[in-house]
Amino acid sequence: MKKIYITTPIYYVNDIPHVGHAYTTVAADVLARFHRILGDNTFFVTGTDEHGAKVAESAKKRGLKPKAFCDEVAPNFVEAWKKLNISYDYFIRTTDPEHEKIVTDFLITLYEKGDIYKGKYEGLYCVGCEKFLTEVDLVDGLCPFHRKEPTKQSEENYFFRLSNYIETLIKAISDPKDPNHYKIRPDSRFNEVLSKLRLGVGDISISRAEVTWGIPIPWDESQTIYVWFDALLNYYSAPIINHRPDLWPADLQLMAKDILWFHAVIWPAMLIAAGIRPPKEVFAHGFFTIEGEKMSKTIGNVILPEQLVEKFGTDGTRYLLLSEFPFGSDGDISIDRFIKRYNSDLANGLGNLIQRVAALAEKANLTVPAPAENPILDLPYRVALDELSFSEALAYIWKKISDADKKIEESKPWELIKKDPEKADAVLDNLIRQIREIVELLLPFMPETAEKLQEKFRGPKIKAGVPLFPRIS
Ligand code: MSP
């Protein structure tokens, strides 16, 4: 049985779950559901990132102790994922004591190997990013992501000898035969990482003297572990906490391009340093804007998953998010376009086909045999999903929908029902088989809808019922 362990980033717990977080999480969910259908031993983890300066600041604003604050807000993510029907196997929180212990032990391993040393750090820190920035990163002196001036920080920190691993990493990403080989996809991102590695990379600070909200450095309690060092290890702790260490290495780690460097360079280097195999693949998808603008609280254009679910339903939202633009590229979304696409693809396309065929089957009083047990997922669809080309996999399904529509137009079963009932039955029987195929392919993307449709078209008698996707405006 093939094993597949899929992860999303763990999102900063202080944030309100928004459509950006939902994008990655829905994508991961589609893959997890696809692999479960294939019969693979699937494990899908998401969760929340709960330590560090940013979370501590938010807790202070709310007048709460950091842990109490985290306990209050972490359920926001659990709720959001419930609304989107996310089928994670485990939700990890970095304040879980078991995770904290794994992080501590991991750090001690690196310390004992001599990969950690004390040094002085001077740099520009952006709390929004929870990372040091260089002059090159700044735009008009501001962090380009948070549009804030970074603060100058100078303190004694512990450093990880990342620079020692550059050659190892270059070999690991370039040579499929390397024992530490891992893939960085899409290719453009691989090239980006490779050229940046070739330019040379310095060591990184992995502790903070000024931040108290974090896991203490075991041999020096005046410092806490840098939030990213702690957070990345969630991927490794999740299987251990679940008593499934055999799930490691992760097979597919998803994120957007904003945090690719942490996942494609720092994370594998940490693992290799500790003698642990890196994940098999990291995939960085694009970033989307909303009507051409970066999504931000300041602009006030943040879209929440529940707003979408209210308007388009759970499956409608899942469909719209993944069909809008190719997964690896940057894109733009807008509610107006979502409405148009909902009406054309879901109300008209899928909804209309289902309604027409079911109504005709009812009228013809058709009897259909039970569907076959094992779905056969077509090769082009499988290939698209293996390549994380969600929009292509969906286009493949929608081509089948329009083919079925054409078939109805050509054969006019509503006339045949009177003129030639036997032929009408044959045509409708065929259409129902096509719909069943479409429904199988929809399962990972629109699970609730697909299950309802499986029920509806199971036979022996089919009823028209109510439309699944009434038009909206
Ligand atoms: N806590 C860290 C991740 C630690 S992982 C060990 C973090 N959290 S975050 O809350 O900022 O989430 C970043 C991720 O949210 C992105 O990598 C992406 O998955 C998702 N996105 C947030 N905004 C997005 C867009 N506008 N477009 C696409 N993805 C978006 O970084």
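Residues count as buried under 20% relative accessible area and exposed over 50%, with partly exposed in between. Keep that handy as you look around this structure, which is a predicted model.

Start with Lys412, where that scale comes straight into play. Its relative accessibility is 34%, so Lys412 counts as partly exposed. You'll find Lys412 in the loop between helix H13 (390–411) and helix H14 (413–419). The backbone does something to notice here too: phi of Lys412 is near 45°, a positive value in a residue other than glycine. Asn365 is another residue to check, with phi near 50°, again positive and again not a glycine. Asn365 sits in the loop between H11 and helix H12 (379–386).

**Two domains and their cores**

Now zoom out. The protein chain splits into domain 1 (3–285) and domain 2 (334–456). Their C-alpha centres are 41 Å apart. Even so, the two are in contact: 12 residues of domain 1 meet 14 residues of domain 2.

What about the inside? In soluble globular proteins, nonpolar side chains tend to be buried together. Here, the largest nonpolar core has 84 residues, and the members that touch the most others are Phe390, Ile397, Trp398 and Phe445. Helix H11 (residues 335–363) gives the most to this core, with 11 residues. Where does this core lie relative to domain 1 and domain 2? Both domains give residues to it, so the core lies between them.

Pick out Trp398 if you want to see the packing up close. Setting aside residues up to four places away in sequence, Trp398 touches Tyr319, Asp345, Leu346, Leu350, Leu442 and Met446. There is also a second, separate core, with 69 residues, including Phe132, Ile241, Leu271 and Ile272.

**Around the ligand**

There are 22 residues around the ligand, and those that come nearest are Ile10, Thr24, Asp49, Ala256 and Asp258. Some backbone atoms come within a few ångströms of ligand atoms, as the table shows.

| Residue | Backbone atom | Ligand atom | Distance |
|---|---|---|---|
| Tyr12 | N or O | oxygen | 3.2 Å |
| Ala256 | N or O | oxygen | 3.0 Å |
| Phe288 | polar | nitrogen | 3.1 Å |

How much of the ligand's accessible area does the protein cover? On its own the ligand has 680 Å² of accessible area, and the protein covers 94% of that. Several elements give two or more residues to the shell around the ligand: strand S1 (3–12), helix H1 (19–37), helix H7 (227–232) and helix H8 (234–241). S1 gives the most, with four residues.

**Buried residues in helices**

Next, follow helix H4 (residues 97–112), which holds Ile102. Is Ile102 buried or exposed? At 13% relative accessibility, Ile102 counts as buried, because the cut-off for buried is under 20%. Leaving out neighbours within four places in sequence, Ile102 is in contact with Tyr236, Ser237, Ile240 and Ile241. One of these partners shows how folding brings distant parts of a chain together: Ile102 and Ile240 are 138 residues apart along the chain, yet their C-alpha atoms are separated by 8.8 Å.

Thr104 lies in helix H4 as well. With a relative accessible area of 17%, Thr104 is buried. Beyond residues up to four places away in sequence, Thr104 touches Ile215 and Pro218.

For another buried threonine, jump to helix H16 (residues 447–456), where you'll find Thr449. Its relative accessible area is 7%, so Thr449 is buried. Not counting residues up to four places away in sequence, Thr449 touches Asp315, Leu468 and Phe469.

**Two cis peptide bonds**

Finally, have a look at two prolines. Which residue does a cis peptide bond join to Pro186? That partner is Arg185, and omega is about -10°. Pro186 itself is in the loop between strand S7 (183–185) and helix H6 (187–198). A cis peptide bond also joins Trp248 and Pro249, with omega of about 0°. Pro249 lies in the loop between H8 and strand S12 (252–256). H8 came up earlier too, as one of the elements giving two or more residues to the shell around the ligand.

Conventions: Residues are numbered from 1 along each chain as its sequence is written. This is a predicted model: local features need pLDDT of at least 70, side-chain atom pairs count only at pLDDT 80 or more; totals for chains, interfaces and linings use all residues. Side-chain values use heavy atoms; hydrogens and water are left out. A nonpolar core is a set of buried Ala, Val, Leu, Ile, Met, Phe, Trp, Tyr and Cys residues joined through side-chain atoms within 4.5 Å. Buried means under 20% relative accessible area, exposed over 50%, partly exposed in between (1.4 Å probe, protein chains only). Domain bounds come from an automatic or database domain assignment. Contact means heavy atoms within 4.5 Å. A residue is near a molecule or strand if one of its heavy atoms lies within 4 Å of it. A polar contact is a pair of N or O atoms within 3.5 Å; within protein, one must be able to donate a hydrogen and the other to accept it, and residues adjacent in sequence count only if both atoms are side-chain atoms. Accessible areas come from the Shrake-Rupley method with a 1.4 Å probe; for residues, only the protein chains shown count as cover.
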